[in-house]
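Thanks for coming, everyone. I'd like to walk you through a structure that you probably haven't looked at before, so let's put it up on the screen.

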Amino acid sequence: MKSFQKLLDKFHLNSSILTPNMTDTKSTNPLTQLDETLELYLVKKAPYTLPDNIKELIVTYSPWVSLVLGIVLLPVVMGLLGMGAILSPFAYLGGSRFGSLYMMSMIVSLVELVLYFVAIPSLLKRSMSGWRLVFYSTLLGAVSSLLGYNVLGAIVGTLISLYVLYQIKSYYK
């Protein structure tokens with residue numbers, strides 16, 4: 001642990017960057033600042049808020065729907081990852097930049113999927129750690145879309161996801 005702290009000190013990093021306290025209002029952590037900004041515009045200044053019964057419905061059933069869909073779609077995802085692995089050498093024929101972006105997009109998408117699965121138990125307990133994992137996964141989804149040059153999809157999809165996510169944030173402790 002001391003060697004890890006020495007490494008952080010060497011690069012002038014503190015552990016709050018790696019594990020942000022998203023409730024600290026005076027933090028200079030970029031994730032905390034992003035959280036505060038999104039909270040302001042997607043909850044406090046939002047022109048429309050979801051009704052409480054819709055929020056409760058989302059919080060209660062979305063982890064179960066995610067679990068069922070994840071299990072059903074797991075063979076499809078594994079097949080697509082396998083196809084991607086088989087066809088990835090051909091992606092480099094389109095240029096090294098295209099092949100590299102394709103591989104990075106695949107890796108980011110896989111990490112995003114894993115974060116969603118890891119979040120499900122915490123979401124069922126209505127724990128804030130599960131909410132944070134979904135938040136991080138949403139941000140990774142935006143990065144993945146941008147890597148695939150899907151700018152409009154990244155903007156619209158991320159805004160909708162973050163709006164719903166911040167509308168239900170108060171249900172998690």
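**A walk through the helices**

Let me start with a single residue, tyrosine 172. Setting aside its neighbours within four places in sequence, tyrosine 172 is in contact with Val59, Leu123, Arg126, Ser127, Met128 and Trp131. Keep Ser127 and Trp131 from that list in mind, as I'll come back to both.

Before I go on, a word on what you're looking at: this is a predicted model. The protein has 7 helices and 0 strands, so if you read along the sequence you get the pattern α-α-α-α-α-α-α. Of its 173 residues, 29% count as buried. And here's a number on how the chain comes back to itself: among contacts between residues at least 6 apart in sequence, 65% join residues at least 24 apart.

Okay, let's go inside. In soluble globular proteins, nonpolar side chains tend to be buried together. In this model, the largest nonpolar core has 20 residues, and the ones with the most contacts inside it are Trp131, Phe135, Leu162, Tyr166 and Tyr172. So our opening residue, Tyr172, is on that list. Which elements give two or more residues to this core? They are helix 3, helix 5, helix 6 and helix 7. The largest share, 5 residues, comes from helix 6.

Now for the rings. The count of aromatic pairs comes to 4. One of them is tryptophan 131 with tyrosine 166: this pair is edge-to-face, 5.1 Å centre to centre, with 90 degrees between the planes. Tryptophan 131 sits in helix 6 and tyrosine 166 in helix 7, so the pair ties together parts that are 35 residues apart in sequence. Are these two buried or exposed? Tryptophan 131 counts as buried, at 1% relative accessibility, and tyrosine 166 counts as buried at 1% as well.

Tyrosine 166 has another partner, phenylalanine 135. Their ring centres are 6.0 Å apart and the planes are at 85 degrees, so this pair is edge-to-face. Phenylalanine 135 lies in helix 6 and tyrosine 166 in helix 7, so here the pair ties together parts that are 31 residues apart in sequence. Phenylalanine 135 has 0% relative accessibility, so it counts as buried. Put the ring pairs together and you get a cluster that links Trp131, Phe135, Tyr136 and Tyr166.

Next up, how the helices pack. Two packed helices are described by the angle between their axes and the distance between the axes.

Take helix 6 and helix 7. They pack at an angle of about 170 degrees, with their axes 8 Å apart. Helix 6 and helix 7 are therefore roughly antiparallel to each other. On the helix 6 side, the contact is made by Trp131, Val134, Phe135, Thr138, Ala142, Ser145 and Leu146. On the helix 7 side, you have Val151, Ala154, Thr158, Ser161, Leu162, Leu165 and Tyr166.

Then look at helix 3 against helix 6. Their axes come within 13 Å and cross at roughly 95 degrees, and the two helices are therefore roughly perpendicular to each other. Leu31, Leu34, Asp35 and Leu38 of helix 3 make the contact with Trp131, Phe135, Tyr136 and Leu139 of helix 6.

Helix 3 also packs with helix 7, at an angle of about 85 degrees, with the axes 9 Å apart. Helix 3 and helix 7 are therefore roughly perpendicular to each other. Here Asp35, Leu38, Glu39, Leu42 and Val43 in helix 3 meet Leu162, Tyr163, Tyr166 and Gln167 in helix 7.

Two loop residues before I stop. Asparagine 29 is in the loop between helix 2 and helix 3. Asparagine 29 is buried, with a relative accessible area of 5%. Where does its side chain reach? A polar atom of the side chain of asparagine 29 lies 2.8 Å from the backbone nitrogen of leucine 31.

The other one is serine 127, in the loop between helix 5 and helix 6. Serine 127 counts as partly exposed, at 21% relative accessibility. Leaving aside neighbours within four places in sequence, serine 127 is in contact with Ser122, Tyr172 and Lys173. Serine 127 and tyrosine 171 are 44 residues apart in sequence, with their C-alpha atoms 8.7 Å apart in space. And that contact with Tyr172 brings us back to where we began.

Conventions:
Residues numbered from 1 in each chain as written. Predicted model: local features only at pLDDT ≥ 70, side-chain atom pairs only at ≥ 80, totals over all residues. Heavy atoms only, no water. Helix = DSSP H or I, 4+ residues; strand = E, 2+ residues; numbered from the N terminus. Buried < 20%, exposed > 50% of the residue type's maximum accessible area, 1.4 Å probe, protein only. Polar contact = N/O pair within 3.5 Å; in protein donor to acceptor, adjacent residues only side chain to side chain. Core = buried A, V, L, I, M, F, W, Y, C linked by side-chain atoms within 4.5 Å. Contact = heavy atoms within 4.5 Å. Phe/Tyr/Trp six-rings, centres within 6.5 Å; stacked < 30°, edge-to-face > 60°. Axes fitted to C-alpha atoms, helices over the stretch in contact; angles between N-to-C directions. Parallel < 35°, antiparallel > 145°, perpendicular 65-115°, else oblique.
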